[in-house]
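Good morning, colleagues. Please look at the sequence and the structure before I take you through a few of their local features.

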Amino acid sequence: MVKVIHLMIGLGTGGVENFVLQLCRQHKADNVGVVVVGITSHEIRKEEFDRAGIENHTLHIDSWRAFPAGLKKLKAIQAKDPAAILHVHGFHALMLGCILRLTKRKVKMVFTIHTNFIRSRLRKLLIWLTKPFRRQDIV
C-alpha cells in the first residue's frame, strides 16, 4: 500500500489544515495510507483528525531548542515506512523536509506551497535552491 506523510506547520484551523484533512479523507477512501505531522504544538484540530481515523503527530518545534527532538521524532515516523512519500505543505515544512532529506536521501518529497504570492526574496531563493530535494512541486 502506498503511504503519504503530510508535513505542515501545525494542526490549527487554517486553510492548509482544511485542505490536508480533505485530502487525507480522500486518500483513505482510495486505500492510501496517511499520516499527518504538525511541526508546532498547535493541536486545535487534532480531535478532528482522530475522529476521521487519521494518524497524526506533533513535533512540538516551537523554538530552536526543540528542533533536535522534533527532527528525531520526524525521523522515527518516517522510519516506520521508508517508502512513504513525504508531502510538505508550506515553506517551513519544506525546510524541515529538506533537512530530513539530507540525512535520509531516499525519501521522496513533494512540495505544495499553497500560495502564488511569496514576498520574501530569501524565501524565493531558498525554494529555488531546494528544488533538487523535491520530486514534484504543486502550486
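I shall speak about confidence, then an aromatic pair, a histidine in a loop, a surface patch and two backbone angles.

To begin, please keep in mind that this is a predicted model. The mean pLDDT of the protein is 91, and 97% of the residues reach 70 or more. Confidence does vary by element: helix α3, residues 67–79, has the highest mean, at 97, while strand β6, residues 136–138, has the lowest, at 66. As a general caution, predicted coordinates should not be read in detail where pLDDT is low.

Next, the aromatic rings. How many aromatic pairs are there? The count comes to 1. The partners are W64 and F67, with ring centres 6.1 Å apart and an angle of 50° between the planes. This geometry is classed as tilted because 50° falls neither under 30 degrees, the stacked range, nor over 60, the edge-to-face range. As for solvent, W64 has a relative accessible area of 75%, so it counts as exposed, the cut-off being over 50%.

I turn now to H114, which sits in the loop between β5, residues 108–112, and α5, residues 121–129. Which residues does H114 touch, once neighbours within four places in sequence are left aside? The contacts are V16, F19, H89 and G90. One of these, F19, is 95 residues away along the chain, yet the two C-alpha atoms are separated by 9.5 Å. H114 is partly exposed, with a relative accessible area of 30%.

Helix α5, which follows that loop, includes L125. On the surface, L125 joins L122, W128 and L129 in a nonpolar patch, and together these residues offer about 460 Å² of accessible area. L125 itself is partly exposed, at 41% relative accessible area.

Finally, the backbone. Two residues other than glycine deserve a mention for positive phi values. N31 has a phi near 65° and lies in the loop between α1, residues 15–29, and β2, residues 33–38. H60 has a phi of about 55° and lies in the loop between β3, residues 55–58, and α3. Are these two residues buried or exposed? N31 is exposed, with a relative accessible area of 55%, whereas H60 counts as partly exposed, at 36%.

That concludes my presentation; thank you for your attention.

Notes
Residues numbered from 1 in each chain as written. Predicted model: local features only at pLDDT ≥ 70, side-chain atom pairs only at ≥ 80, totals over all residues. Heavy atoms only, no water. Phe/Tyr/Trp six-rings, centres within 6.5 Å; stacked < 30°, edge-to-face > 60°. Buried < 20%, exposed > 50% of the residue type's maximum accessible area, 1.4 Å probe, protein only. pLDDT = per-residue confidence, 0-100. Helix = DSSP H or I, 4+ residues; strand = E, 2+ residues; numbered from the N terminus. Contact = heavy atoms within 4.5 Å. Patch = residues over 30% accessible without salt bridge, like charges linked within 9 Å, V, L, I, M, F, W, Y side chains within 5 Å. Areas by Shrake-Rupley, 256 points an atom, 1.4 Å probe, with all protein chains shown as cover. Salt bridge = Lys/Arg side-chain N within 4 Å of Asp/Glu carboxyl O.
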